[in-house]
Amino acid sequence: MRRALAIGTGGLGALLLGALVCTAVVRRTPGTLSEREAMAVQRAAVLTLFVEREHARILVFWNDGAHPSPTLRLLQAAGVAVDAQQPDTAALALPLPVHVESLATMEEQFRASPDGWEAWFQRFPASSGIITLTRPVRLPVLADGINRVAVVVARTCGEHCHSAWRLTLQRAPGGGWRTRTVQPLTLPRD
């Protein structure tokens, strides 16, 4: 009887220890962001790349749920898992004019103008190309306790002009998000 009780108590101790470990792992495992947080992360990433670095004066976003942007197709072909998100330009509250493009509007313009991208950049001369955003992903909390997220931002800027970056952002002291790192992603040639 005593032996059974000791085993039962040991089993309970192991169960409690397992529960504590699971709780710690859950706290350190990526989770989803609220829509508001996701928009704040995307906004910070776009501002870092296209306002601070490239000084764009208009932002053009790919907004076609049925067709991924050309750069996202290249990323997917390279084996990069991306979860594209249609931009909510109002929620992003960007300080620049914003325009959205879809495959249909691009095809219409390219039919109307044999110069294609040259004509496109005449329409949007102060842009950096067409931007695609992915859903931000929460990263595990490291020993420093700082919350970090990652987002991929892709750009199509011509027939053979594509760029993509993985940005890591962290909580700023004031509660917003600031860019910690910008990592260019290698794209296959198209």
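In this predicted model, Arg 148 is in contact with a set of residues that, once neighbours within four places in sequence are set aside, comprises Val 137, Arg 138, Leu 139, Leu 142, Thr 168, Leu 169, Gln 170, Trp 177 and Arg 180. The residue sits in strand E6, which spans residues 148–158. Despite its charged side chain, Arg 148 counts as buried, because its relative accessible area is 5%, under the 20% limit. A polar contact of 2.6 Å joins the side chain of Arg 148 to that of Asp 144.

Strand E6 also carries Arg 155, and here the partner comes from much earlier in the chain. Arg 155 forms a salt bridge with Glu 54, with 2.6 Å between the closest N and O atoms. Glu 54 belongs to the loop between helix H2 (35–53) and strand E1 (59–62), whereas Arg 155 lies in strand E6, so this salt bridge ties together parts that are 101 residues apart in sequence. The two partners can be told apart by their exposure: Arg 155 is buried at 11% relative accessibility, while Glu 54 is partly exposed at 31%.

The search of the whole structure finds 6 salt bridges, and a further example pairs Asp 83 with Arg 135, whose closest N and O atoms are 3.0 Å apart. Both residues of this pair lie in loops: Asp 83 between helix H3 (70–77) and strand E2 (84–85), and Arg 135 between strand E4 (130–134) and strand E5 (137–138), so parts 52 residues apart in sequence are tied together. Asp 83, at 41% relative accessibility, is partly exposed, and Arg 135 is partly exposed as well, at 36%.

Glu 101 and Arg 123 form another salt bridge, with a separation of 3.4 Å between the closest N and O atoms. This pair links distant parts of the chain, 22 residues apart, with Glu 101 in strand E3 (residues 98–101) and Arg 123 in helix H6 (residues 117–123). Glu 101 is buried, with a relative accessibility of 2%, whereas Arg 123 is partly exposed at 42%. In addition, a network of salt bridges links Glu 37, Arg 138 and Arg 171; Arg 138 is also one of the residues in contact with Arg 148.

Turning to the nonpolar interior, the largest core has 24 residues, and those with the most contacts inside it are Phe 50, Leu 59, Phe 61, Val 153, Leu 167 and Leu 169. H2, E1, E4, E6 and strand E7 (161–171) are the elements that give two or more residues to this core. Helix H2 supplies the largest share, 8 residues. Leaving out residues up to four places away in sequence, Phe 50 touches His 55, Ala 56, Leu 59, Ser 128, Ile 131, Val 153, Arg 155 and Trp 165. Arg 155 thus appears both in the surroundings of Phe 50 and in the salt bridge to Glu 54. Apart from the largest core lies another, of 10 residues, including Leu 72, Leu 74, Val 82 and Leu 187.

Across the whole protein chain, the secondary structure amounts to 6 helices and 8 strands, arranged along the sequence as α-α-β-α-β-α-β-α-α-β-β-β-β-β. The chain has 190 residues, 40% of which count as buried. Among contacts with a separation of 6 or more, 62% are between residues 24 or more positions apart. The accessible surface comes to about 11,000 Å², and carbon and sulfur atoms account for 58% of that area.

Conventions: Residues numbered from 1 in each chain as written. Predicted model: local features only at pLDDT ≥ 70, side-chain atom pairs only at ≥ 80, totals over all residues. Heavy atoms only, no water. Helix = DSSP H or I, 4+ residues; strand = E, 2+ residues; numbered from the N terminus. Buried < 20%, exposed > 50% of the residue type's maximum accessible area, 1.4 Å probe, protein only. Polar contact = N/O pair within 3.5 Å; in protein donor to acceptor, adjacent residues only side chain to side chain. Contact = heavy atoms within 4.5 Å. Salt bridge = Lys/Arg side-chain N within 4 Å of Asp/Glu carboxyl O. Areas by Shrake-Rupley, 256 points an atom, 1.4 Å probe, with all protein chains shown as cover. Core = buried A, V, L, I, M, F, W, Y, C linked by side-chain atoms within 4.5 Å.
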